[in-house]
Amino acid sequence: MRLVVTTAKGAVRVPFYCLHCNAERLATILATGYGRGRLGVARVDALEAVRDTASDALAFVRCPSCGERDESSVRSLVGSIQLKGALLGLSIPCLTLAAMMMKGHRLSALTIVILAAVGLSLGLFYFFDRRRLWTKAAATISFEESSLGSNETDG
Ligand SMILES: [Zn+2]
């Protein structure tokens, strides 16, 4: 089975609602997403990840009407990627150590230090990569007046 990593890019339209001034807009965000797995599956995952990136990026965007943003959702998003990064950073060295011990390898202090360094850099990479995706996507945002109720046509 061949595993691939795919990147997808796309413009996603997401409703924006401001908690501070109740402004409603339709936001268009250019987002990137990654998918992993078998070909085909990875593609579908990547397209889903594009939508996820776009809706997460919305938390980083300032309201076009009052200039505020919802700091609590920024904090909870940043907290969630810190946690995922930490889990990823812990799981890889722990699984590798467990596998080595089961095979009867003797663990030297150096092995443990190397694995800890790998884990730390994986965790940090995950955190900064995700944050970069969000801030990059948030920078591409454009707003339209939400035309709820009104039905304007051109010409
Ligand atoms: Zn606002």
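Student: What makes E2 and strand E3 (residues 142-145) count as paired, and how many bridges join them?

Tutor: In this predicted model, four bridges join E2 to E3, and the two strands run antiparallel. The pairing criterion asks for at least two bridges between strands, so the four bridges between E2 and E3 satisfy it. Two positions illustrate the register: Arg25 stands opposite Glu145 in E3, and Ala27 has Phe143 as its bridge partner in E3.

Student: How do you know that strand E1 (residues 3-17) and strand E2 (residues 24-38) are paired, and in which sense do they pair?

Tutor: E1 and E2 pair in the antiparallel sense over 15 bridges, and the cut-off is at least two, so the criterion is met here as well. Leu3 stands opposite Arg38 in E2, while the bridge partner of Ala8 in E2 is Gly33. The hairpin that E1 and E2 form has six residues between the strands, and in that hairpin Asn22 takes a positive phi near 65°.

Student: Which strands are called edge strands in the sheet, and what makes them so?

Tutor: The sheet is open, holds three strands in the order E1-E2-E3, and is paired in the antiparallel sense. E1 and E3 are its edge strands, each of them pairing on one side only. With direction ignored, neighbouring strands of this sheet are turned by 30° against each other on average. Helix H1 lies across E1 and E2, running at about 145° to E2.

Student: Why does the length of helix H2 (residues 71-102) agree with what its number of residues predicts?

Tutor: Helix H2 has 32 residues, which at 1.5 Å a residue should span 46 Å, and its end C-alpha atoms are 46 Å apart, so the two values agree. Just after H2, Gly104 takes a positive phi of about 80°.

Student: Why are H2 and H3 called roughly parallel or roughly antiparallel?

Tutor: H2 and helix H3 (residues 109-139) pack at an angle of about 155°, with their axes 8 Å apart. Angles over 145 degrees count as roughly antiparallel, and H2 and H3 therefore take that description. Their crossing is right-handed. The residues that make the contact include Gly85, Gly89 and Pro93 of H2, and Gly119, Gly123 and Tyr126 of H3.

Student: What is the relation of H1 to H3, and why is it given that name?

Tutor: The axes of H1 and H3 come within 8 Å and cross at roughly 75°. The range for roughly perpendicular is 65 to 115 degrees, which makes H1 roughly perpendicular to H3. In this arrangement Thr53, Ala54, Asp56 and Ala57 in H1 meet Leu133, Trp134, Ala137 and Ala138 in H3.

Student: How do you know where pLDDT stays under 50, and how many contacts beyond four places in sequence does the model have there?

Tutor: pLDDT stays under 50 over residues 149-155, and the model has one contact beyond four places in sequence for that stretch. The chain as a whole has a mean pLDDT of 90, with 94% of its residues reaching 70 or more. Among the elements of the chain, helix H1 (residues 41-57) has the highest mean pLDDT, at 94, and E3 the lowest, at 91.

Note on methods. Residues are numbered from 1 along each chain as its sequence is written. This is a predicted model: local features need pLDDT of at least 70, side-chain atom pairs count only at pLDDT 80 or more; totals for chains, interfaces and linings use all residues. The expected span of a helix is 1.5 Å times one less than its number of residues. pLDDT is the predictor's confidence in each residue, from 0 to 100. Two residues are in contact if their C-beta atoms, placed from the backbone, lie within 7 Å. Axes are lines fitted to C-alpha atoms, for helices over the stretch in contact, and angles run from 0 to 180 degrees between N-to-C directions. Angles under 35 degrees count as roughly parallel, over 145 as roughly antiparallel, 65 to 115 as roughly perpendicular and the rest as oblique. A crossing is left-handed if the near helix is turned anticlockwise from the far one by less than a right angle, and right-handed if clockwise.
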